[in-house]
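Open your viewer, load the model and keep the selection tool at hand. We will go stop by stop, with something to pick at each one.

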Amino acid sequence: MTTTRAPYIIPWAGEITLPEPLMITPGGVFYVDPRVDQRHRDDDDVLWEACGGQQTGPRIYALLHPARQREAMRNLLCATCGGPASRNADGMLWLMPLLAGPPAEGTTWEGVQTTIPPSCEPCADRVTAGCPWLRDGHVRLRARVAEQIGVRGTRYSRTGQPSLAEDDDALVLYDSPDARYVVARHAVRELGWVAVEAVVTAATTPSGAACPYAGVALADGVSA
Ligand SMILES: [Zn+2]
């Protein structure tokens with residue numbers, strides 16, 4: 001047991017990605033050991049990073065632990081405590097960092113894609129001041145729809161070329177041909193029927209920075 005209060009999805013320094021050998025074939029990317037391969041495929045047959053190591057050392061806030069992030073996203077667990085996320089009549093609670101400044105005028109957050117799992121009410125009220133992702137500004141959203149659309153991870157070439165990674169942080173959708181050529185690190189959900197509850201900006205938030213979500217398009221045809 002640990003008494004550390006860092007969020008559930010934040011890895012310890014001792015938790016590492018295991019260097020399991022990979023092979024790239026015309027059928028996709030595989031772990032060379034078929035037993036390892038089988039253990040690291042999700043319900044959509046996407047391959048995931050092999051996590052190992054131990055929960056020792058400091059917490060690494062810049063990263064999300066692949067297995068716990070995936071579990072929290074799949075089961076809609078709170079990113080901080082791992083308990084059930086909160087819902088009300090307006091939908092599930094999500095906290096999003098503003099990252100590069102306050103959102104541009106008129107940003108609705110509809111259709112925003114996120115690797116950060118939802119939140120429960122008690123955690124949302126207490127974590128934002130201490131969390132490096134959220135303390136410089138965040139938005140508190142309710143979303144009625146949060147479809148699992150794909151993963152972020154290392155995408156390999158589909159051309160049959162040697163196993164050079166094309167992109168080590170690619171967004172790959174489940175219905176893409178690239179889904180067989182990615183080693184996933186994080187699950188991605190897309191939020192729909194979004195209602196903004198609050199935008200919280202810190203006094204130190206830089207002004208004039210481009211909002212990373214300014215280009216978020218309104219999603220058409222979202223069904224409940
Ligand atoms: Zn919580």
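Here is one cut-off to carry along: a residue counts as exposed if 12 or fewer other C-beta atoms lie within 10 Å of its own, as buried if there are 20 or more, and as partly exposed in between. Keep in mind too that this is a predicted model.

**Stop 1: the whole chain**

Colour the protein chain by secondary structure, and you should find three helices and eleven strands. Followed along the sequence, they come in the pattern β-β-β-α-β-β-α-β-β-β-α-β-β-β. The chain has 224 residues, and 33% of them are buried. Now consider the contacts with a separation of 6 or more: 78% of them are between residues 24 or more positions apart.

Next, switch to colouring by pLDDT. The average over the protein chain is 83, and 81% of the residues score at least 70. Select residues 204–224, where pLDDT stays under 50. The model does have 44 contacts beyond four places in sequence for this stretch. Where pLDDT is low, though, the predicted coordinates should not be read in detail.

**Stop 2: a hairpin early in the chain**

Select residues 22–25, strand β2, together with residues 28–31, strand β3. The two strands run antiparallel and are joined by four bridges. Two residues link β2 to β3 in a hairpin. To see one of the pairings, pick I24, whose bridge partner in β3 is V29.

**Stop 3: D45, a loop residue with positive phi**

Go on to D45, in the loop between α1 (34–39) and β4. Its phi is near 70°, a positive value in a residue other than glycine. Is D45 buried or exposed? D45 has 10 other C-beta atoms within 10 Å, and 12 or fewer is the cut-off for exposed, so D45 is exposed.

**Stop 4: helix α2**

Select residues 66–75 to bring up helix α2. Show side chains for P66, R68, Q69, R70, A72 and M73, which are buried. What do the buried residues of α2 pack against? Add β4 (47–48), β5 (51–53) and β11 (182–201) to the selection, and you have the packing partners. Before leaving, click on L76, just after α2: this residue takes a positive phi of about 55°.

**Stop 5: strand β7 and its partners**

Six of the seven residues of β7 are buried, so this strand is largely enclosed by the rest of the structure. Start with the β6 side by selecting residues 87–88. β6 runs antiparallel to β7, with two bridges between them, and the pair forms a hairpin with two residues in between. N88 has G91 in β7 as its bridge partner.

Then add residues 137–156, strand β9. This strand is also antiparallel to β7, and six bridges join the two. To find your place in the pairing, look for L95, which stands opposite R140 in β9.

**Stop 6: W109**

Move to the loop between β7 (91–97) and β8 (113–114), where W109 lies. The phi of W109 is near 70°, again a positive value in a residue other than glycine. With 19 other C-beta atoms within 10 Å, W109 is partly exposed.

**Stop 7: the largest nonpolar core**

In soluble globular proteins, nonpolar side chains tend to be buried together. The largest nonpolar core here has 44 residues, and W94 and V182 are those with the most contacts inside it. At least two residues of this core come from each of β4, α2, β7, α3 (121–127), β9, β10 (165–173) and β11. The largest share, seven residues, is supplied by β11.

Centre the view on W94. Leaving aside residues up to four places away in sequence, W94 touches T114, P118, S119, L141, A143 and L191.

**Stop 8: E190**

Finish in strand β11 by selecting E190. Which residues does E190 touch, not counting residues up to four places away in sequence? They are G111, Q113, E147 and I149. E190 counts as partly exposed, with 19 C-beta neighbours inside 10 Å. As a last exercise, draw a C-alpha to C-alpha distance from E190 to V145: the two are 7.9 Å apart in space and 45 residues apart in sequence.

Definitions and conventions: Residues are numbered from 1 along each chain as its sequence is written. This is a predicted model: local features need pLDDT of at least 70, side-chain atom pairs count only at pLDDT 80 or more; totals for chains, interfaces and linings use all residues. Two residues are in contact if their C-beta atoms, placed from the backbone, lie within 7 Å. pLDDT is the predictor's confidence in each residue, from 0 to 100. Two strands pair if DSSP finds at least two bridges between them. A nonpolar core is a set of buried Ala, Val, Leu, Ile, Met, Phe, Trp, Tyr and Cys residues joined through C-beta atoms within 7 Å.
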